[in-house]
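Work through the exercises below with the sequence and the model open. Each one sets a task and then solves it step by step.

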Amino acid sequence: MDIVINILLPIFGIAALGYVAARLGWFSESAEAGVASFVFNFAVPFMLFRTIATTQLPDKVPWNLFASYYGPGILIYAIGFLVARFIFGRDIMGAILTGMGSAFSNTVLLGLPLILLAYGETAALPFFLILSVHGIIFFTGTTILLEMSQSRNSGGLAALPKQVVGGLIRNPILWGLFLGMATNLAGLTLPTPLARIAETMQGAVLPCALFALGSSLKRYGIAGRVVQSMVQVSLKIMLFPLLVYLAGTYMFSLDPLWVQIATITAAQPSGVMVYIFSQKYGTAQALATTSICLSTIGSMFTLWLILWLFQGGL
């Protein structure tokens, strides 16, 4: 429990600073939008570029691990979408972001330190294998779906392919992903000045995103979309890890350690990038802020329970 608390408290601390600053009038809505735009358009692409370009890719694709994690992940994404669309009556874009929030984990800010502290270096390989395609799958898929929805609303189906492709080309996150992959596959080493620029920009992602997230609570409040958020949080921190555990154990016969790492990764709260996407596309901001906060609070208990079960409670 100490591990979880020691990692979660700094997260709430930065978000609380943003909230207090907004309440006191020291951080305006335009400043919040500017910081969120900086994170999405510059800091995150540099982070993804550097991370993927410098990650040691495996010689053999671990299909069983990917299927155990991303099979349930895509299913949870679809369930979140359908629940939002047909039970809560959200529009297509709001339902897409609900799906993303139900399946996209806070792998870097919370998952990485928690798993390494709990398991040590033996957990590094399965965790980074999952992480290596985490952004590619969820960022790319969500961007395509959002661009398709936006294009359908603005230009009709005839113009849809052109507008989707144009939106993808203009999306800086995808540029970061694909340039990083190209650099890695080509065996290139980042020049020192570029590597330092990317590293510095990467350091801005988490505090800026969390500060902007906290400031947004003044405008949207924790009460925004509470019922829908609670359903989304249940999918994220309860059903998703349960399905990953069952798939890894009984369907794909993963090594028990790898099952544990995949399950704990799935049990992480919704990632801050859900909020960044909501800001970028101008929809579901209240749902994103509330769900991230509630899932982070709830994960303090679910992660403690999962760790206890895996480390001797069973």
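**Exercise 1. Classify Cys293 by its burial and find its disulfide state.**

Step 1. Cys293 has a relative accessible area of 11%, so it counts as buried (buried is under 20% relative accessible area, exposed over 50%, partly exposed in between, with a 1.4 Å probe and protein chains only).

Step 2. Cys293 is in no disulfide, and the nearest cysteine sulfur, that of Cys208, lies 17 Å away. A disulfide here is a pair of cysteine sulfur atoms within 2.5 Å.

Step 3. Cys208, with 22% relative accessibility, is partly exposed. The structure as a whole holds 0 disulfides.

Before going on, note the basis of these values. The model is predicted, so local features need pLDDT of at least 70 and side-chain atom pairs count only at pLDDT 80 or more, while totals for chains, interfaces and linings use all residues. Residues are numbered from 1 along each chain as its sequence is written, and side-chain values use heavy atoms, with hydrogens and water left out.

**Exercise 2. Describe the surroundings of Thr142.**

Step 1. Locate the residue: Thr142 is part of helix 6, residues 124–155. Helices (H or I, at least four residues) and strands (E, at least two) are DSSP runs, numbered from the N terminus.

Step 2. Check the burial: the relative accessible area of Thr142 is 0%, so it is buried.

Step 3. List the partners: leaving aside neighbours within four places in sequence, Thr142 contacts Tyr77, Ile96, Met100 and Phe277 (contact means heavy atoms within 4.5 Å).

**Exercise 3. Do likewise for Thr107.**

Step 1. Thr107 sits in helix 5, which covers residues 107–119.

Step 2. With 5% relative accessibility, Thr107 is buried.

Step 3. Not counting residues up to four places away in sequence, Thr107 touches Leu112, Phe127, Leu131, His134 and Thr265.

**Exercise 4. Summarise the fold of the chain.**

Step 1. Count the elements: the chain has 13 helices and 0 strands.

Step 2. Judge the packing: the radius of gyration is 19 Å, close to the 20 Å from the globule rule for 314 residues, so the chain is as compact as a globular protein of that length. The radius is taken over C-alpha atoms, and the rule is 2.2 Å times the number of residues to the power 0.38.

Step 3. Add the burial and the contacts: 51% of the 314 residues count as buried. Among contacts with a separation of 6 or more, 86% come from residues 24 or more positions apart.
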